[in-house]
Amino acid sequence: IYIQTSLSNLLVEEGDPKIFLISFLLVLLTTKSFCFSFKNGTPWCLSTFLNVQLVNKIVEINIKKNFNMSSDYIHIYNNLISLTRNKKLYVSLNRNDIFSDRLYFFLLHFAFFLKNFKSDENQKKLQEIYDFNFRQLELSIREIGYGDQSINKKMKDYINLFHGMLSDIHFWNSLNVTKKIDLLKKYLSDYDDLKIIVVYFDDFNENLSKKSLNLFLKSVIKP
C-alpha cells in the first residue's frame, strides 16, 4: 500500500488538512482474503474454470508489477510535489499563488529531472516515470471536480506545455542569466524578480547532476 500526495492539495495553505489517496490494492487484498476464507479453506480460485484461473493469474501478475512500479515511482512524484511546495519559490510573486503556478513549478522540476537522467540506460524507466506522473496529475485534476471532457483537454494542454518546457530546459546549461530569465517568463507570470528562480533552478540542476536515478528513486526530499 502506498500513500500519494495529491497535486490538488497544493491549493491549500500550510497547516490545512492534507488529502491522501490510498491504493485500491487494499480493497483488492481485503476482498481476496475474504473469498479465500470461504469454501472450507479451499482457495476460491480453485473452484473456477481453468481459463478463468489463467486470466486471474495474468491479472495478479500485472497488479504486482504495477504495485512495484507505484512503490518505486511514488517517491519521485512526492519529491516533486514537496519541491513545488517550497515557499521560497513564491517570495517574489506579486499576488497569491494559485493552482496553475504550482502546476508550472511541478512541470519545471520534472523537466529538469528528465533532462539530467536522460540516457539509453534509463530510457525505459524514465518512460514509466513519465506515464506514472501524468496519471497522478490526471487524478489530481479529477479531484478538483472536472469532467472527462474537460480533463482530456486539460491533459493535452499540460502535456504540450511540458514538452515545450522540456525543449527549453535542454539548453539551460548554455544560457546566461538574462536568457534564463526570458525562458522562465514564458511559464511564470507576475514575478517581480525571476533571478531568484534562476538561481534556484541552477542549484537544483547542479544537485541533480550529482545524483544517480536510483538514489533519487529511494530518497525523500524536503523543500
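This report describes His 109, the helix that holds it and the packing of that helix against helix 7.

The model is predicted: local features need pLDDT of at least 70, side-chain atom pairs count only at pLDDT 80 or more, and totals for chains, interfaces and linings use all residues. Residues are numbered from 1 along each chain as its sequence is written, and side-chain values use heavy atoms, without hydrogens and water.

His 109 lies in helix 3; helices are DSSP runs of H or I with at least four residues, numbered from the N terminus. His 109 counts as buried because its relative accessibility is 0%, where buried means under 20% relative accessible area with a 1.4 Å probe and protein chains only. In helix 3, 15 of the 19 residues are buried. The helix spans 27 Å from first to last C-alpha, close to the 27 Å expected at 1.5 Å a residue, a span reckoned as 1.5 Å times one less than the number of residues.

Leaving aside residues up to four places away in sequence, His 109 touches Leu 80, Leu 83, Thr 84, Leu 89, Tyr 200, Phe 201 and Phe 204; contact means heavy atoms within 4.5 Å. The C-alpha atoms of His 109 and Phe 201 are 8.2 Å apart, although 92 residues separate them along the chain.

The packing of helix 3 and helix 7 has these values, with axes fitted to C-alpha atoms over the stretch in contact and angles running from 0 to 180 degrees between N-to-C directions.

| Packing of helix 3 and helix 7 | Value |
|---|---|
| Angle between helix 3 and helix 7 | about 35 degrees |
| Distance between the axes of helix 3 and helix 7 | 9 Å |

Among the contact residues are His 109 of helix 3 and Tyr 200, Phe 201 and Phe 204 of helix 7.

Conventions
Helix = DSSP H or I, 4+ residues; strand = E, 2+ residues; numbered from the N terminus. Buried < 20%, exposed > 50% of the residue type's maximum accessible area, 1.4 Å probe, protein only.
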